Amino acid sequence: MNSKLQHDLDNFENILQKAKQQGIDFLNNIDNIPTSNTYSIDPKTELNELGLGSIEALKEFNERLAPLMVSSPGPRYWGFVTGGSTPASIVGDWLASVYDQNTQSVTSQGGNSALIEFETINLLLQLLELPDSFLGGFVTGATMSNFTSLAVARQWFGKQYGKDFAKNGISETLTILTATPHSSSIKSLSMLGIGSQNYTVVKTIEGNREALDIADLEEKIKALNGKPFILISSAGTVNTADFDDFEAIAQLREKYKFWWHIDGAFGGFAAVSEKYKHYVKGWEGADSITIDCHKWLNVPYESAFYLVKKEHVNLQIETFQNSNAPYLGNPLENFNYLNVVPENSRRLRALPVWFSLKAYGKEGFRDLIEDSTALALHFANALIENDFELLAPIRLNNVCFTLKGEKNQEKVSPFLSALNDTGKVFMTPTVYQNKKGIRASFVNWRTTENDVKLVIEKMREVISEI
């Protein structure tokens, strides 16, 4: 064995102890770690011939790379709908690395860790009050969840014309209808060869809404004269957390033939709360659903899952199966995730989620969702009392706002830049209904009213300076 590897093996416990302590120090001090920084490094370093060993590598990391880290898992990182990591989820994530499984099979001599994934999906269906008619699995994020779901939708579309797009390529123009899709859905259309501009925009409901207009949707459906199409709908738009009317869409399914996909990356968790579950009423009728875990479920990146109706499993296998690997067996008889998802190599991403669900249960996540939405409302009210105005009503956990007065539109960008530079909070810019705005997203389990108070005070300071 290489001498450095042997030394690390002999000192494994000490190495892990030092790493654990560093993690604890970071998390215990997360309130004081900046949400932004301008620190930089020259990444063109020389590779050491003999290697440093883990302890010396950790020292170099602390000296050169650790200052790059911001408090993205902290209570005031309100950009990008970024969740934190609960204690239980970190336990699961660390153990996923320790056990280092390639999670594929449920009936193999070579390891059946996919049974943990099956169990975790079952727990998630219970949390979201969805039926077990869905088959689910874990991927890296909303982009791959949308990609997986829409890839099966693409195969379904081809079958409506008696064609196998997975084997022979796309030979028909796919029709996609959507109103306010997330960029990851559009990116998925590009990766699937459908085309990032190949979709028809459905009108949104009048009156400061991002949800699709059902009447306009039906008009566009009628214009297709019975041809199949794919509908991408939203459970929580990224700017204003708006929801399409799933009950109305379900009624359209009784009259027309289409694949119904829901992007519920963060908004799907409205189902956990009695206060907000009406937003997703009827979503169980969808063919596929996208949900992120590293958002409101507060597990470490990268974690999301897809849900596709079990009735479409043949389409899913046709899309993703490893047809040139006979040793894998019959994909219908011997379930293996590599036949139903893009990746052949798969980390045990389910484990952090399993630990989280077991540790905190339905009540824990119900409290998290309702606390987050209450904080969003609290922040919105504080904005109105100061020099800001809301661009949209608060429906769930996202606050979309701007500086008060048309004359201050040119100050929005420099204000946000200066605010983020303080390192006390991080929010993201947006444009909503042709106005420059700012978006704050409340999803982190650590965030409290004190954080809102601190941020409002800092915003007052910054706005007074510009």
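Trainee: What phi does G193 take, just after helix 8?

Mentor: This is a predicted model, in which local features need pLDDT of at least 70 and side-chain atom pairs count only at pLDDT 80 or more, while totals for chains, interfaces and linings use all residues. Residues are numbered from 1 along each chain as its sequence is written, and side-chain values use heavy atoms, with hydrogens and water left out. Helices (H or I, at least four residues) and strands (E, at least two) are DSSP runs numbered from the N terminus. Just past helix 8, the phi of G193 is positive, at about 80 degrees.

Trainee: Which residues of helix 8 are buried?

Mentor: Buried means under 20% relative accessible area, exposed means over 50%, and partly exposed is in between, with a 1.4 Å probe and protein chains only. Helix 8 covers residues 183-191. Its buried residues are S184, S185, I186, S188 and L189.

Trainee: What do the buried residues of helix 8 pack against?

Mentor: Contact means heavy atoms within 4.5 Å. The partners of these buried residues include one helix, helix 6 (142-159). The strands they pack against are strand 2, strand 4 and strand 5.

Trainee: Those strands come up together, so let's look at the sheet. What is the order of its seven strands?

Mentor: Two strands pair if DSSP finds at least two bridges between them. The sheet is open and its pairing is mixed. Strand 1 (134-139) and strand 3 (200-201) are the edge strands, each pairing on one side only. Reading across, the order is 1-7-6-5-4-2-3.

Trainee: Which residue stands opposite F229 in strand 5?

Mentor: Strand 4 (residues 229-234) and strand 5 (residues 258-263) run in the parallel sense, paired over six bridges. In strand 5, the residue opposite F229 is F258.

Trainee: And in strand 4, what is the bridge partner of L177?

Mentor: Strand 2 also pairs with strand 4 in the parallel sense, here over three bridges. Within strand 4, L177 has as its bridge partner L231.

Trainee: How many of the residues of strand 4 are buried?

Mentor: Take the two faces in turn: F229, L231 and S233 are buried on one side, and I230, I232 and S234 are buried on the other. Strand 4 is therefore mostly covered under the 20% limit. The buried count is six of its six residues.

Trainee: At what angle does helix 9 run to strand 2?

Mentor: Axes are lines fitted to C-alpha atoms, for helices over the stretch in contact, and angles run from 0 to 180 degrees between N-to-C directions. Helix 9 (residues 214-223) lies across strand 2 (176-178), strand 3 and strand 4. Its angle to strand 2 is about 170 degrees.

Trainee: How do helix 5 and helix 12 pack, and at what angle?

Mentor: Helix 5 (residues 114-127) and helix 12 (residues 350-384) have axes 10 Å apart. Angles under 35 degrees count as roughly parallel, over 145 as roughly antiparallel, 65 to 115 as roughly perpendicular and the rest as oblique, so helix 5 is roughly parallel to helix 12. Residues in the contact include I116 and L123 of helix 5 and W354 and F365 of helix 12. The packing angle is about 25 degrees.

Trainee: Now for the charged pairs. How many salt bridges does the structure hold?

Mentor: A salt bridge is a side-chain nitrogen of Lys or Arg within 4 Å of a carboxyl oxygen of Asp or Glu. Some form a network, such as the one linking E129, E274 and K277. The structure's salt bridges number 20.

Trainee: With which residue does R64 form a salt bridge?

Mentor: The closest N and O atoms of this pair are 3.4 Å apart. Both residues sit in helix 3 (residues 54-65), and because they are four residues apart, about one helical turn separates them. R64 is partly exposed, at 23% relative accessible area. Its partner is E60.

Trainee: How far apart in sequence are the parts that D242 and R395 tie together?

Mentor: The side chains of D242 and R395 meet in a salt bridge (3.5 Å, N to O), and both residues are buried. D242 lies in the loop between strand 4 and helix 10 (246-253), and R395 lies in the loop between strand 8 (388-390) and strand 9 (398-403). The tied parts are therefore separated in sequence by 153 residues.
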